[in-house]
Amino acid sequence: MRKVDENKIEEILKELTLDEKLDMIHGNAFFHTKGVERLGIPPLYTSDGPMGVRYEYHDANWVPVGLSDDYVTYLPSNTALAATWNRELAYETGKVLGEEARGRGKDVILGPGINIKRGPLCGRNFEYMSEDPKLISELTVPFIKGVQESDVAACVKHFAANSQETDRLMVDTIVDERTLQEIYFPGFKAAVREAGSYTIMGAYNKLNGEHCCENKELLDKVLRSDWEYDGTIISDWGGVHRTKEAAECALDIEMSVTDNFDEYYLANPLKKLIENGEISEETVNKKIRNILRLMLRLKMIGDDADKRAAGSFNTPEHREAALKTAQEGITLLKNKTLPLSRKKLYGKRIAVIGQNGAKIHSNGGGSAEIKALFEISPLLGLKMGLGGNTKVEYAGGYYIPMPPQQKFATSWQETSLMSKEELKEFCAKNGTLESGETKEQIEERTRKLKAEALKLAEECDEVIFVGGLNHDFDVEGGDRKDMKLPYNQDELILELLERKPDMTVVIFAGSPVDMHRWAGKVSNLVYMPYSGIRGGEALAGILLGDVNPSGKLPETFPKCYEDTPMFRIGEFGTEGRVEFKDGLKVGYRYYDDEGIEPEFCFGHGLSYTSFEYGDITANVIKSAEGTQTVQLSMSITNTGAVIGKETVQVYVADKECSVYRPKKELKDFAKLELKPGETRTVSFKLGEDAFSFYSVSNKAFVTEPGEFEILIGSSSRDIRKSVVVTL
Ligand code: BGC
């Protein structure tokens, strides 16, 4: 992390009155604190979120300002980014986000979201990257470095174990120590220690009995002491519940969603406790030091203040970077007849069927919503890609019932902290409008759209179904009830397949959906995570073969919810208390262990070319200090006819251990581009940490001597070569 002049901090601190200090440690508007004008200390401006800089809200009113000056580049979601398995693209995406945030005058961008995708149903999964801590860590570090190059702070969130939305403010998340250390902490640890994230956001939930934003074990012990963090800890919006506890733990800034700023816990209530002598002013000074350090790092104050990066937004380069990431994140799950040939389609008709063919997603999802400068839908992308010689026609295919309309002009965020009772009262007072659609009307509309789509499918030469979820499901504040595709899409897909067995199915989603009723029957299947401003263009490029797909699933797609650890071991989505009984058995660790065949495994993704893996050369190198490193190398050859990218994945299996260990765990990966016939050598260096586990009795990661199997493959279940090493 950027070193700053600590004397300067003490100098400024001496000048500040208690009131001024208190103004700096809590929100004075929904998205900023108060500055100290007489000392030239500006307010700290924050904004969401991971997919671009959010539009402007009024300071104390959840109504968008509504001007035309806050359109931005819509970036591929964190899920899309993770599916690239590409560290350079993570850096590029972070860089774009940092430049846009700075360009919009922000100091802190509230991302990346890196919570573990523990199961398929979490509403915010699309904002998160993966089920695997190694993949998350490897992408988070360059992402944050990219952001912070523009003198903007990343705010890595939500620390910690915030993997469900149900009862998100109060739920007590029970996770054992080893699981925290091996699964839920590594991404945050890497963000702090390797990337030097200037800020971090405390999560809403309780962790093992204490709210994360008031949790001494989490914030003081793990973050400040174990990881030596000297950045700024910001609460999630409304994540603080008690004054003394929040003041006396390592949290620095309290933010919330209500407009009674002076009554925030770290405002007047804290002042009272200080004046009573119950809390020392030094408690506040500690927080101020961290905030001033942040401001110096960001060149908001101090001698460098005139050297701060200006940022930029909506540049052609940003849109280009978003396109590249989208192209590498879209994942080909099954293939028989792709890519489509322009030549064969000359003078023909293509049907794009399904609402996601034409729908815009950038403006949804909760705090990740943004005002995109534009968003290219698949339909538009295909028309742009094919030009006038092929007729691209559209049918919605399924009906999306209108959501109940709120009469009051407000954002969902205003009501997001209310209990069910409060919400009821609020609605009764302010009035709500139901959608006004009856069940019969919905059924009739569904029937009509389906009939139109089936007719179009019969008439056209080629069919591309584009469905899946949208931000009514992939959304903050609620979890999905099941993994099923909504709006009767399964039936529609099955009927379309009867007419066009070789059609292509494209599924939009931020998390796995149940495809098992038709996945075995479909020829071509593409997974489309929310892919940003040029997502539809990227998809068209892949379908038409201009781009060779190289995305790999960053999480397991189980066949159905009944196969998941949540269902079999529990618990998920409970109110009040949720125990992560699955422990280390998250994602592929669970499916491998239980021998459950998923629909598509972790790391799976096809290419239009093929790759051959050569033999592994493995050497164990011992340093003078006695630490061991395993050096691996192997050759990879593109054996197909087109240029392509392969992600080579390295897993480690402990052959024998005194404690339970998952069957195998991802420890490294490399993405390389190869021309047809080209061979390249890829090398990996695995340090001892790649072989270690967290020992609860030693309170440390330890490596037990013995044999380890190293498995290298194209996915977690397509292992091409393996070798045993002894440490
Ligand atoms: C979300 C955060 C977000 C904050 C500010 C909260 O509801 O959990 O991720 O950054 O609001 O909008």
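Q: What makes strand 9 and strand 19 the edges of the open sheet ordered 9-8-6-19, whose 4 strands have mixed pairing?
A: Strand 9 (210–211) and strand 19 (577–579) each pair on one side only. Two strands count as paired if DSSP finds at least two bridges between them. Strands here are DSSP runs of E of at least two residues, and helices are runs of H or I of at least four, numbered from the N terminus.

The model is predicted: local features need pLDDT of at least 70, side-chain atom pairs count only at pLDDT 80 or more, and totals for chains, interfaces and linings use all residues. Residues are numbered from 1 along each chain as its sequence is written, and side-chain values use heavy atoms, with hydrogens and water left out.

Q: How do you know that strand 6 and strand 8 pair?
A: Strand 6 (residues 172–174) and strand 8 (residues 206–207) are joined over 2 bridges in the parallel sense, and the definition asks for at least two, so they pair. D172 stands opposite K206 in strand 8.

Q: Why is the crossover from strand 4 to strand 5 called right-handed?
A: Strand 4 (residues 108–109) runs parallel to strand 5, with 2 bridges between them. The chain passes from strand 4 through helix 5 (residues 133–148) to strand 5 in a right-handed β-α-β crossover. The term means that, with the strands pointing away from the viewer, the path from the first strand over the helix to the second runs clockwise.

Q: What makes strand 5 mostly covered?
A: Of the 7 residues in strand 5 (residues 153–159), 7 are buried. Buried means under 20% relative accessible area, exposed over 50%, and partly exposed in between (1.4 Å probe, protein chains only).

Q: Why is the contact between K117 and E555 called a salt bridge?
A: The closest N and O atoms of K117 and E555 are 2.7 Å apart. A salt bridge needs a side-chain nitrogen of Lys or Arg within 4 Å of a carboxyl oxygen of Asp or Glu, so the pair qualifies. K117 lies in the loop between strand 4 and helix 5, and E555 lies in the loop between helix 18 (535–543) and helix 19 (565–568), 438 residues apart.

Q: Why is R447 called exposed and E444 partly exposed?
A: R447 has a relative accessible area of 52%, so it is exposed. E444 has 41%, so it is partly exposed. R447 and E444 also form a salt bridge, with closest N and O atoms 3.0 Å apart.
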